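Colleague: I am new to this structure and would love a close look at one part of it. Could you take me through a sheet and a helix that lies across it, step by step?

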Amino acid sequence: MIAALGFARAHDLTVAVRGGGHSIPGYSTTDGGMVIDLGPMRNVRVDQAARRAYVGGGAVWGDVDHETQQFGLATTGGLVSTTGVAGFTLGGGIGWLMRRYGLACDNLVGADVVTADGRFLHVSEEENADLLWGLRGGGGNFGIVTSFELALHPVGPEVYAGPLFLPAEADVDLLRFYREWAPKQPDAITTAVSLATAPPLPVIPEEWHGKKVAIVIAVCAGPVEDGEALVRELRTIAEPVADLIHPMPYTFIQGLLDPLWPKGINAYFKAANLARLSDETIDSLAALHLDTPGPQCEIHVHQMGGAVGRVGQGDTAFPERSMPFVLNAVTGTPDPESLGAHTEWARSVVAAAKADETGRAYVNFLGDNGEAESAYGEETYRRLVALKDEYDPTNVFRLNQNIEPSA
Ligand SMILES: Cc1cc2nc3c(=O)[nH]c(=O)nc-3n(C[C@H](O)[C@H](O)[C@H](O)COP(=O)(O)OP(=O)(O)OC[C@H]3O[C@@H](n4cnc5c(N)ncnc54)[C@H](O)[C@@H]3O)c2cc1C
């Protein structure tokens, strides 16, 4: 890693650092520059007694879940198991365990980092703690992380979890219910609403394949027998198209969405943190759900709060802690010609919620360049620039939601 970085510097090459390769704006590749690919570094070692996982910089979440579940342990990982631990954790990390155990970056307790000038640093609360603060949400701006030390928690092997499919006619009722229900729930449950198109899966009645549906996905991160009570009210909103919430292996819910996100798809995401969900926003989201340029255009509303909201604002570089919802307009298409229409649709979804935005956003859900300053907000961005000045003053690591050094 040190030699690769030295070579790139000596030849004045633009550096792209690649972990799992899921960057939506394509930050982990470059034309004419040098890709430092950590893909072969997918090692995961579990210290069962200390409840820690030591994870290579190129591992994906499926690697981590596979190893940690051998011991009935887990940490907050991605909703798709092929997402890289590196970019996901460094940007924040929204996943099914977050309301119980925090974001992925809240579980980052240590890291090995190669800095822009080729130094190898260990980072923890005791050593280079300023850098740990930046790695918890500041993205790949400060160095190449070769190893992550993640806190683990007892989870599974079975959890009460899964998707509940409702007809799209229930969009408005669901979101109005959800805005009241979600903030009152205990940490044990994490959910998201997805206004989407029913995939052609045998578990969904065939007449619904390709039709618009409202989906609530729930994961109860405690004893399976507590799950039914936690999701009971969700089952009262409308007659379901399919109710697939039941006990299942934790690794199953972690890989459930994988087939919908094959490699090579043209993707665009756009996101905003929401302070509320007004009637106007709900009506607009429901209308946009019915008017999409393709089947893989989804409106996700993530339930935040719980352990995420109890970390102090400013304790990590993750921009915001108090918002009840994160809105993410998610699109994918196999046809590059239609990416423009998908991008416009996603932008219109976020624009429709403008009046409810807090003004900040989660950087890993942003598909455009140059959005870091507004996403982090003034105070966090100012601290990130000071850290960038110290660890990467010439902006070697600039293929990311970039924190621009002041010089
Ligand atoms: C299908 C899909 C599903 C997703 N689901 C979720 C989700 O559930 N929750 C969520 O929070 N986000 C999700 N995301 C967003 C995801 O968190 C980001 O795309 C994240 O950056 C992916 O990390 P990666 O390592 O796979 O990406 P990469 O493309 O490899 O890298 C992303 C960024 O991180 C930097 N980077 C990568 N590896 C390292 C390293 N070892 N050291 C330093 N910097 C590094 C890169 O330079 C780049 O800037 C999803 C994205 C996709 C495409």
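Modeller: Happy to; here is a walk from the sheet to the helix, and then to one residue in that helix. Please keep in mind that this is a predicted model.

Let us start with the sheet. It is open and built from 5 strands, in the order S3-S4-S8-S6-S7, with antiparallel pairing. At its edges are strand S3 (44-47) and strand S7 (120-124), each of which pairs on one side only. From one strand to the next, the twist averages 15°.

Inside the sheet, have a look at strand S6 (residues 108-114) and strand S8 (residues 144-151): they run antiparallel and are joined by 6 bridges. If you would like a place to rest your eye, find Gly110, which stands opposite Glu149 in S8.

Now for the helix. Helix H2 (residues 61-68) lies across S3, strand S4 (52-56) and S8. Relative to S3, helix H2 runs at about 35°.

Helix H2 also holds Asp65, and this residue deserves a pause. Asp65 is buried, yet it has no salt bridge. The nearest side chain of opposite charge belongs to Arg42, 11 Å away, whereas a salt bridge calls for a separation within 4 Å. What does the side chain of Asp65 join in a polar contact? The partner is the side chain of Gln254, at 3.0 Å. Leaving aside neighbours within four places in sequence, Asp65 is in contact with Tyr250, Thr251 and, once again, Gln254.

Terms used
Residues numbered from 1 in each chain as written. Predicted model: local features only at pLDDT ≥ 70, side-chain atom pairs only at ≥ 80, totals over all residues. Heavy atoms only, no water. Pairing = 2+ DSSP bridges. Helix = DSSP H or I, 4+ residues; strand = E, 2+ residues; numbered from the N terminus. Axes fitted to C-alpha atoms, helices over the stretch in contact; angles between N-to-C directions. Contact = heavy atoms within 4.5 Å. Buried < 20%, exposed > 50% of the residue type's maximum accessible area, 1.4 Å probe, protein only. Lys, Arg positive; Asp, Glu negative; His and termini not counted. Polar contact = N/O pair within 3.5 Å; in protein donor to acceptor, adjacent residues only side chain to side chain.
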